[in-house]
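Colleague: I'm new to this one. Could you walk me through how you back up the labels you put on it?

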Amino acid sequence: MEPRDASIIGIIPAGGVASRLGHLPCSKELLPIPCHSEHPIPVGTFLINNLKRAGASQINWVIRKGKWDIPQYYGSGRSFDIPMCYNIMEYPHGPPFTINESYSNIRGKIVLLGFPDILIDHPNPFVPLINEIRQGNFEVTLGIVHCEDPKKIDVVEMNDDGEITKIIPKPKTDVNKQAWIWAAWSPRFTEFLHHVIEEKVESIKSNESIQKEVKELHVGDVMQQFINAGGKVKGIKFQETRFLDIGTTSGWKKIEQFRFLKHPM
């Protein structure tokens with residue numbers, strides 16, 4: 001069993017409906033992925049193993065109502081050697097709303113954020129991000145990789161010291177191909193995100209008729225607000241690391257080509 005650090009917690013947002021993959025028999029986080037082992041492994045387990053290797057003391061899932069197969073499969077986490085708990089998503093307006101459902105569990109911790117339908121070709125991607133947070137110069141650190149099709153993800157602009165000056169969610173052009181895929185942050189950013197989302201929730205509660213008009217919010221949007229408010233965000237480049245989003249039909253078709261699946265977990 002990997003050593004656990006009580007100051008570190010992992011969060012897995014799983015509020016999506018996987019509309020890009022059509023009608024599925026299970027939550028996309030449980031889609032079976034072929035790998036080196038005798039049996040396929042649910043895609044979310046790859047992220048769980050990365051969080052364990054980084055020393056996370058607990059994993060907090062946030063799920064949409066109806067995705068009960070996730071807690072049914074992972075349960076308390078005992079079979080996976082890491083405690084797990086679950087929150088229910090109330091507002092379907094983007095990952096920041098989803099993450100905020102776990103505020104009471106993640107406050108005061110170093111938070112590790114990964115997306116369960118994205119495979120990362122690296123054995124321990126979170127540790128360099130945690131180390132940078134602990135040095136105290138940055139409140140948010142992001143794993144940066146090359147992305148061939150950045151129009152579907154967040155790209156970043158960085159200075160020579162790695163400090164991120166701008167985050168652009170789903171850009172309209174593919175000129176910039178530096179994308180962030182996973183993240184770590186300090187308690188200060190958790191408080192910032194909580195404040196941003198609680199203000200939006202109060203606005204929605206005061207006028208429920210606008211719920212359908214609320215624009216989807218990306219994690220990158222909140223990080224950009226944090227930068228604009230003076231927060232320090234650093235990007236750590238993983239030059240040789242690839243990623244694969246199996247939440248799209250094009251990504252799903254590339255699973256057999258993804259070399260990480262041939263490596264030991």
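Modeller: Sure, starting with residue classes: Ala, Val, Leu, Ile, Met, Phe, Trp, Tyr, Cys and Pro count as nonpolar, Asp, Glu, Lys and Arg as charged, and the others, Gly among them, as polar. Keep in mind that this is a predicted model.

Colleague: So how do you know which classes the lining of the largest cavity has?

Modeller: Sorted that way, the lining has nine nonpolar, two polar and no charged residues. The largest cavity holds about 90 Å³ of space. Eleven residues line it, and Leu 47, Asn 50, Ile 118, Leu 119 and Ile 120 are the closest to its centre. By the class list, Leu and Ile count as nonpolar.

Colleague: Which elements give two or more residues to that lining?

Modeller: Helix H1 (43–53), strand E7 (118–120) and strand E11 (178–185) do.

Colleague: What makes H1 mostly covered?

Modeller: Buried means under 20% relative accessible area, and ten of the eleven residues in H1 are buried, so "mostly covered" is the label H1 gets. Among the buried ones are Phe 46, Leu 47 and Asn 50.

Colleague: And what makes E8 and E11 a pair?

Modeller: Two strands pair if there are at least two bridges between them. Seven bridges join E8 to E11, so they pair, and they run antiparallel. Within that pairing, His 146 stands opposite Gln 178 in E11.

Colleague: How many bridges does E8 have with E12, and is the sense parallel or antiparallel?

Modeller: Five bridges, in the parallel sense, so that passes the cut-off of two as well. Thr 141 stands opposite Lys 234 in E12.

Terms used: Residues numbered from 1 in each chain as written. Predicted model: local features only at pLDDT ≥ 70, side-chain atom pairs only at ≥ 80, totals over all residues. Heavy atoms only, no water. 1 Å grid on protein atoms, 1.4 Å probe; cavity = no way out; pocket = protein on both sides within 12 Å on 5 of 7 lines; lining within 4 Å. Points joined across faces, edges and corners; volume = space filled by probe spheres on them. Helix = DSSP H or I, 4+ residues; strand = E, 2+ residues; numbered from the N terminus. Buried < 20%, exposed > 50% of the residue type's maximum accessible area, 1.4 Å probe, protein only.
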